[in-house]
Amino acid sequence: METLEFKIRIKAPAEKVWSVLWNDETYKKWTRVFCEGSYTITDWNQGDKVHFMSPNGEGMYSIIETKIPNEYMAFKHLGEIKDFKELPITEETKKWSGAMETYRLTPDDEFIDLVAHVDTVEKYIDYFKGVFPKGLEVVKELSEERE
């Protein structure tokens, strides 16, 4: 597995960026670059399970390994979801089960440096390199909007 890094500077307070990342309504906006209509099922608490879903009932289940509000979120991806149900770990799933996805917000004057790290298998590297920066651009736009 390879770890990819994506960075963006956002002129907004950490609380606003955090809210854009994890609030249901704005989460759907910035993640539509990955899959139109994607959403989550979670309470967003450390130790809780997260279902990252597409409208057709497919997705991935993960655990929120670390959550430091307005600063850091870490997901450990565990397995696949099909027909809205968690599937058992298979030989194919074992290749990526345990992969991490993290988001760190670091204040710098009036800016926030948002850095995302994503562990991925080779076949998804080009896909993530293409879409992840677009997703972070949407986070930036939403975070910098005037109230």
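Colleague: Why is α1 called oblique to α4?
Modeller: In this predicted model, the two helices pack at an angle of about 125 degrees. Roughly perpendicular covers 65 to 115 degrees, and roughly antiparallel starts over 145. The angle of about 125 degrees falls in neither class, so α1 is oblique to α4. Their axes are 9 Å apart.

Colleague: What is the hand of the crossing of α1 and α4?
Modeller: Right-handed.

Colleague: Which residues make the contact between α1 and α4?
Modeller: From α1 come Lys16, Val17, Val20 and Leu21. They meet Val139, Leu142 and Ser143 of α4. By class, that contact has 5 nonpolar, 1 polar and 1 charged residues.

Colleague: What makes α2 oblique to α4?
Modeller: The angle between α2 and α4 is about 140 degrees, and the axes lie 8 Å apart. Roughly antiparallel needs an angle over 145. At about 140 degrees that cut-off is not reached, so α2 counts as oblique to α4.

Colleague: Which residues of α2 meet α4?
Modeller: Thr26, Lys29 and Trp30. On the α4 side, their partners are Gly135, Val138, Val139 and Leu142. The class count for α2 with α4 is 4 nonpolar, 2 polar and 1 charged. Gly counts as polar here.

Colleague: Why are α1 and α2 called roughly perpendicular to each other?
Modeller: They pack at an angle of about 75 degrees. The class runs from 65 to 115 degrees. The value lies inside that range, and therefore the pair is roughly perpendicular. The axes of α1 and α2 are 5 Å apart.

Colleague: Where do α1 and α2 touch?
Modeller: Ser19, Val20, Leu21 and Trp22 in α1 meet Asp24, Thr26, Tyr27 and Trp30 in α2. This contact has 5 nonpolar, 2 polar and 1 charged residues.

Colleague: On to the core. Which residues touch the most other members of the largest nonpolar core?
Modeller: Val17, Leu21, Trp22, Phe75, Tyr103 and Leu114, out of 32 residues. Elements giving two or more residues to this core are β1 (2-10), α1 (14-22), α2 (24-31), β3 (49-53), β5 (72-82), β7 (100-108), β8 (111-120) and α4 (125-144). The largest share, 7 residues, is from α4.

Colleague: What does Tyr103 touch, not counting residues up to four places away in sequence?
Modeller: Its contacts are Leu21, Trp22, Trp30, Glu71, Tyr72, Met73, Phe75, Leu114, Val115, Ala116 and Phe132.

Colleague: How do you know that Arg104 is partly exposed?
Modeller: Its relative accessibility is 38%. Buried needs under 20%, exposed over 50%. The value sits in between, so Arg104 is partly exposed. Arg104 lies in strand β7. Beyond residues up to four places away in sequence, Arg104 touches Glu71, Tyr72, Asp113, Leu114 and Val115. Arg104 and Trp18 are 86 residues apart in sequence, yet 9.6 Å apart in space, C-alpha to C-alpha.

Colleague: Why is Ile63 called partly exposed?
Modeller: The relative accessible area of Ile63 is 25%. Buried means under 20%, and exposed means over 50%. At 25% neither applies, so Ile63 is partly exposed. Ile63 belongs to strand β4. Setting aside residues up to four places away in sequence, Ile63 is in contact with Gly47, Asp48, Lys49, Ala74, Phe75, Lys76 and Leu78. Ile63 and Phe34 are 29 residues apart along the chain, and their C-alpha atoms are separated by 20 Å.

Colleague: What is the phi of Asp83, and where does Asp83 sit?
Modeller: Phi is near 50 degrees, a positive value in a residue other than glycine. Asp83 is in the loop between β5 and β6 (85-86).

Colleague: How do you know that Asp83 is exposed?
Modeller: Its relative accessible area is 58%. The cut-off is over 50%. Asp83 passes, so Asp83 is exposed.

Colleague: And what makes Asp109 count as exposed?
Modeller: A relative accessibility of 77%. That is over 50%, so the label is exposed. Asp109 is in the loop between β7 and β8. Phi of Asp109 is near 55 degrees, also positive and also in a residue other than glycine.

Colleague: Last, Pro55. Where does Pro55 lie, and what does Pro55 touch?
Modeller: Pro55 is in the loop between β3 and β4 (59-68). Leaving out residues up to four places away in sequence, Pro55 touches Cys35, Glu36, Gly37, Ser38, Tyr39 and Phe84. From Pro55 to Lys123 is 68 residues in sequence and 23 Å in space, C-alpha to C-alpha.

Key: Residues numbered from 1 in each chain as written. Predicted model: local features only at pLDDT ≥ 70, side-chain atom pairs only at ≥ 80, totals over all residues. Heavy atoms only, no water. Core = buried A, V, L, I, M, F, W, Y, C linked by side-chain atoms within 4.5 Å. Buried < 20%, exposed > 50% of the residue type's maximum accessible area, 1.4 Å probe, protein only. Helix = DSSP H or I, 4+ residues; strand = E, 2+ residues; numbered from the N terminus. Contact = heavy atoms within 4.5 Å. Axes fitted to C-alpha atoms, helices over the stretch in contact; angles between N-to-C directions. Parallel < 35°, antiparallel > 145°, perpendicular 65-115°, else oblique. Left-handed = near helix turned anticlockwise from the far one by under 90°.
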